[in-house]
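I opened the notebook to keep a record of what I looked up, entry by entry, with the structure beside me.

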Amino acid sequence: MRDVFVDFMAEKHDKPHKPPLWRLFDFPVPETHIMSGSALFETFTRAPLAFDHGEGTWLVTEKGERYLDFGGGVAVNSLGHSHPHLVSALTEQAAKLWHVSNLYEIPGQSRLGERLADATFADKVFFTNSGAEALECAIKTARRYHFVNGHPERFRIITFEGAFHGRTLATIAAGGQYKYLEGFGPKVEGFDQVGFDDIDAVERAITSETAAILIEPVQGEGGIRPVPTQSLRRLRQLCEQHDLLLIFDEVQCGIGRTGKLFAHEWAGVTPDIMAVAKGIGGGFPVGACLATDEAAVGMTAGVHGTTFGGNPLAMAVGNAVLDVVLEDGFLEDVQRKALLLKQGLAGIADEFPDVIEDIRGTGLMLGLKCAAPNTKVNMALRDQHLLAVPAGDNVLRLLPPLTVTDAEIHEALDRIRAGARGLSDAIAAAAAK
Ligand SMILES: Cc1ncc(COP(=O)(O)O)c(C=O)c1O
């Protein structure tokens, strides 16, 4: 088990500063980040770009400049921008009823819950507005399970290095990353972190206080790192052996992103609890915590709640997303397109190894493991009017909408190649100075 504070301080004070190789190359980089604006918290460094509207895989500025959106609002715009089925579902609902609170029946909520339960391992669903709230519900569900089964002492949850579970106090503790924890102490108690894919360390970390294991089947922010099938299976076995709950965070990798409705289906392993968000709303804020009847046993009337979660607008959009994603052949087509994109990217990586080291990920959740700094690769692609999203481990994420066309994939590959070539030339020129 690692303590991130101790690790961070050790790293900060013990390591001599050694600039990475790329810093020796003084190639010009345009100024691309500005602060938000005087009335906004300065919590985001934003690109100096504002979009007026979106059409499928494209974002368009007020001046009419078109960008290929392979960032997808960080895996949120699962069906691209302005998908006609989503637009009509939302506008029809908007004309009828926006909000009633969870004091009343919400038919769209019951329907979406049943559809998610039918399509997955789950029996029960709790709707939220965000991924972090879905994780909060998952964590609370796991703790309550042990509480009502007579083990209130079992509250600890094992998580993994590189994880990202959100920005609430509990989810930053679960993620365990110092950069998100710093200054927000005291850290919420009850999370024990082990190395990425270190299942032996999980086994060693289990104590009589352990309640659950929480894992992203494919790490997103951590750098598009899929957890090997074998490891997910071993985690399932450990959970059976020790009466632990297995929690999957499929906030980023779920809802068709990997070419299956949920990424864990590739491994043939089911969790007891799962957090979902992002893609299920296609751009409207929706999250969900799914659980088996057994795991949800402690989540009885009054123990948890939400004002906005599961509201009629969100549920109309969630149902509309499922209409499309569950259509016959939709996910198979995602798999086919993903292969096309991945093969094209592998060719570009072969061509420009000084820029892109490797291609990671599965489905339309792909990562360019960069040789140059990922922020610079990102800027080079943005100059080509292609949008991507940086992640940890010097990776640049490509998360296009699941509706991306073959022609758009070819167009994106041309732009990525052009960006990589430009960067490669700049690196070579800097090295020759
Ligand atoms: C895997 C994962 N879990 C949780 C979250 C938190 O979701 P939200 O930002 O909607 O709270 C994210 C967001 O990036 C995520 O990628």
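Before listing any neighbours, I noted that contact here means heavy atoms within 4.5 Å. I also noted at the start that this is a predicted model.

**Entry on histidine 165**

I looked up histidine 165 and found that its place is in the loop between E7 and helix H6 (169–175). Is histidine 165 buried or exposed? I wrote down that histidine 165 counts as buried because its relative accessibility is 3%, and buried requires a value under 20%. When I left aside the neighbours within four places in sequence, I found histidine 165 in contact with Ala132, Leu135, Thr171, Ala174, Gly175, Leu214, Glu216 and Asp249. For Asp249 I could add a detail, since a polar contact of 2.8 Å joins the side chains of histidine 165 and aspartate 249.

**Entry on the ligand**

I then asked which residues are around the ligand. My list holds Ser130, Gly131, Ala132, Phe164, His165, Gly166, Glu216, Glu221, Asp249, Val251, Gln252 and Lys278, and I noted that both His165 and Asp249 appear in it. Sorted by class, this shell has 3 nonpolar, 5 polar and 4 charged residues.

I looked up three distances between side chains and the ligand. A polar side-chain atom of aspartate 249 lies 2.7 Å from a nitrogen atom of the ligand, while a polar side-chain atom of glutamate 221 lies 3.4 Å from an oxygen atom of the ligand. For lysine 278, I recorded 3.2 Å between an N or O atom in the side chain and an oxygen atom of the ligand. I also wrote down that the ligand taken alone exposes 390 Å², and that the protein buries 81% of that.

**Entry on strand E7**

I turned next to strand E7, which covers residues 156–160 and is mostly covered, with 5 of its 5 residues buried. In a regular strand the side chains alternate between the two faces of the sheet, so I checked each face separately. On one side I found Arg156, Ile158 and Phe160, and on the other Ile157 and Thr159, and all of these are buried.

What joins E7 to its neighbours? I found 3 bridges to strand E9 (residues 210–215), and these two strands run parallel; in that pairing isoleucine 157 stands opposite alanine 212 in E9. I found 4 bridges between E7 and strand E8 (residues 191–194), which also run parallel, and here threonine 159 has glutamine 193 in E8 as its bridge partner.

**Entry on leucine 246**

I looked up leucine 246 and placed it in strand E12 (residues 245–249). Leucine 246 counts as buried because its relative accessibility is 0%. Not counting residues up to four places away in sequence, I noted that leucine 246 touches Ile213, Leu235, Arg236, Cys239, Val269, Thr270, Pro271, Asp272 and Ile273. I also recorded that leucine 246 and leucine 232 are 14 residues apart along the chain, and that their C-alpha atoms are separated by 9.7 Å.

**Entry on backbone angles**

Most residues other than glycine have a negative phi, and most peptide bonds are trans, so I wrote down the exceptions that I looked up. Serine 101 is not a glycine, yet it has a positive phi of about 85°; its place is in the loop between helix H3 (84–96) and helix H4 (107–119), and it is buried, with a relative accessible area of 17%. Aspartate 393 also has a positive phi, near 60°, and lies in the loop between strand E18 (389–391) and strand E19 (395–398). Unlike a buried residue, aspartate 393 is partly exposed, because its relative accessible area is 37%. The peptide bond from glycine 185 to proline 186 is cis, with omega near 0°, and I placed proline 186 in the loop between helix H7 (178–181) and E8.

**Entry on an open sheet**

Last, I looked up an open sheet of 4 strands, which I noted in the order E3-E4-E5-E17, with mixed pairing. Its edge strands are E3 (51–55) and E17 (386–387), each of which pairs on one side only. Within this sheet, 3 bridges join strand E4 (residues 58–61) to strand E5 (residues 66–69), and these run antiparallel; the bridge partner of leucine 59 is tyrosine 67 in E5.

Technical notes. Residues numbered from 1 in each chain as written. Predicted model: local features only at pLDDT ≥ 70, side-chain atom pairs only at ≥ 80, totals over all residues. Heavy atoms only, no water. Buried < 20%, exposed > 50% of the residue type's maximum accessible area, 1.4 Å probe, protein only. Pairing = 2+ DSSP bridges. Polar contact = N/O pair within 3.5 Å; in protein donor to acceptor, adjacent residues only side chain to side chain. Near = heavy atom within 4 Å. Areas by Shrake-Rupley, 256 points an atom, 1.4 Å probe, with all protein chains shown as cover. Nonpolar A, V, L, I, M, F, W, Y, C, P; charged D, E, K, R; others polar.
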